[in-house]
Each structure stands twice: as structure tokens, then as C-alpha cells.
Amino acid sequence: MTKDFQGKLFVFSAPSGSGKTTIVRHLLAQERFNLEFSISATSREPRSNEEDGEDYYFISTKEFKNKIKNEEFLEWEEVYIDNFYGTLKTEVERIWAQGKHVIFDIDVVGGLRVKEKFPEQTLAVFVKPPDINELIRRLKKRGEESKEKIAARVAKAPIEFSKAPEFDKIIKNYDLEVALQDAEDLVDEFLGLKSVKKEESK
Ligand code: 5GP
């Protein structure tokens, strides 16, 4: 268990291909935020550029199901058929024990669940891509998935879009530079580092 420090939780959720991972990486690089990435557990296969214990904890489906049974997850989802993803309770403890705030790159349902569990401490942000076609283009560009897998990701997008209003904030990722700045402003504000000066941008 952590002693006394309880940090904030920053959830970034979006349909796959929305660019949330890029945003999360950018925020992690801002030292003033003192953020640490919540490494999820997953039963999917690693991509060529992914490291175990860095991008994910890659575990078998059997192991994943065992952890569900043992109530080791803060939240978990079968995001795609037979592909389980979840946040281990120990991740949040690990990061808070370092005196840091937690940042999550997780799916929409999981993101809302974290918010439900820690309503005051969590800022839940939905990252909105311009439209479905752009989403497909980005997923293809990534070049890591089969046609079927891309189709499964795209098929899920409308349900995910419908959950956007349940988030605390929505960031439009139409122009990456703008989205990165918006994300920084939100984190700054939630951490009380500076009050947001954004009125005139609407
Ligand atoms: P990918 O396979 O592209 O890495 O991730 C697929 C989806 O699962 C993404 O939307 C990603 O954010 C989400 N995801 C990653 N980790 C978790 C997690 O711990 N819990 C939930 N609910 N979703 C996750």
C-alpha cells in the first residue's frame, strides 16, 4: 500500500487511431507534470516495436483471466474479441509510491470506469479524431494490423464516439500541434500549475 501520497489520474481515451498515444507521450515528456504511464496488461500479441513491461505487460489469456478472478484489476475490458486489456491495481500504487501522477491510455469504457472509481482525482479526456475516414487512414498508416483487425477497430468507433459526452473534457485532434497544446493546458489546469487562459480560442 502507498503511504500518504495520492496523486491525480489522467485518463486519455478515444477510438483506436485517434492519436491519443501521441498526446500521452507528449505529456509524459513534460517534466513539470511529474507523470508516469500506467502500463496495462494485455493478452494481445506484442507489435514489432513494443517491449514487455514498457508498452504493456504481455500476458496469456489464461493468466489474464486468473488476474480477473483474483480481483487484481482496477478495470479491465475485452476490448476486441479475445483481446483483453486491463489496468492492474498495483500500477496505480506503484506510481503513487513514486510521488507521481498517473496517466492512462485506455479504451473509452475503461477510462470511464477509472473516473467512476476515483471521481475527484481523475481528469477523463476524450480525444476526438476528425472523422471515421481519418481514423481508417491513420490505422492503415500504422501498418501493424491486418485488414480484419483494422475493421474491428473501426467498427467499434461509433459506440466510442457516443460516450464522449460522459468525459470531463474533449480534445479535438484535427491538428496535432493544437491538440498537444490543449492537452498541456488541461493538465496544467487540473494540477493547478496555471489557470487556463483560453477564452479567446473559441
Ligand atoms: P492497442 O491494441 O492499439 O494497443 O489498444 C487497443 C485499445 O485498448 C486502445 O483503445 C487502448 O487505449 C486500449 N487499452 C489499452 N490498455 C487498456 C487498459 O488497461 N484498459 C482498457 N480498458 N483499455 C485499454
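This tour goes through a predicted model stop by stop, naming what to select and what is there. Residues are numbered from 1 along each chain as its sequence is written, and side-chain values use heavy atoms, with hydrogens and water left out. Because the model is predicted, local features need pLDDT of at least 70 and side-chain atom pairs count only at pLDDT 80 or more, while totals for chains, interfaces and linings use all residues.

**First stop: helices α1 and α7**

Select residues 20–28, which form helix α1, and residues 176–190, which form helix α7; helices are DSSP runs of H or I with at least four residues, strands are runs of E with at least two, and both are numbered from the N terminus. The two axes come within 10 Å and cross at roughly 55°, where an axis is a line fitted to C-alpha atoms, for helices over the stretch in contact, and angles run from 0 to 180 degrees between N-to-C directions. That angle makes α1 oblique to α7, since angles under 35 degrees count as roughly parallel, over 145 as roughly antiparallel, 65 to 115 as roughly perpendicular and the rest as oblique.

Now show the side chains: from α1, Thr22, Ile23, His26 and Leu27 meet Leu176, Ala179, Leu180, Ala183, Glu184 and Val187 of α7, contact meaning heavy atoms within 4.5 Å. The residues of this contact divide into 7 nonpolar, 2 polar and 1 charged; Ala, Val, Leu, Ile, Met, Phe, Trp, Tyr, Cys and Pro count as nonpolar, Asp, Glu, Lys and Arg as charged, and the others, Gly among them, as polar.

**Second stop: helix α4 and its cover**

Select residues 108–117, helix α4, in which Val108, Gly110, Gly111, Leu112, Val114 and Lys115 are buried; buried means under 20% relative accessible area, exposed over 50%, and partly exposed in between, with a 1.4 Å probe and protein chains only. To see what covers these buried residues, add elements including β1 (9–13), β5 (73–80), β7 (101–105), β8 (122–128) and α6.

**Third stop: helix α6**

Within helix α6, residues 147–162, pick Lys156, which counts as buried because its relative accessibility is 18%. Its side chain makes a polar contact of 3.5 Å with the side chain of Asp107, a polar contact being a pair of N or O atoms within 3.5 Å, where within protein one must be able to donate a hydrogen and the other to accept it, and residues adjacent in sequence count only if both atoms are side-chain atoms. Leaving aside residues up to four places away in sequence, Lys156 touches Val79, Tyr80 and Asp107.

Ile159 also has its place in helix α6, but Ile159 is exposed, at a relative accessible area of 54%. Measure from its C-alpha to that of Pro15: the two residues are 144 apart in sequence and 9.1 Å apart in space.

**Fourth stop: three loop residues**

In the loop between α4 and β8, select Gln121, which is buried at a relative accessible area of 18%. The side chains of Gln121 and Gln6 are joined by a polar contact of 3.0 Å, and the residues that Gln121 touches beyond four places in sequence include Trp96 and Phe190.

Go on to Asn34, in the loop between α1 and β2 (35–37), and to Glu71, in the loop between α2 (61–69) and β5. Most residues other than glycine have a negative phi. Asn34 nevertheless has a positive phi of about 55°, and Glu71 likewise has a positive phi of about 55°. Asn34 counts as partly exposed at 32% relative accessibility, whereas Glu71 counts as exposed at 58%.
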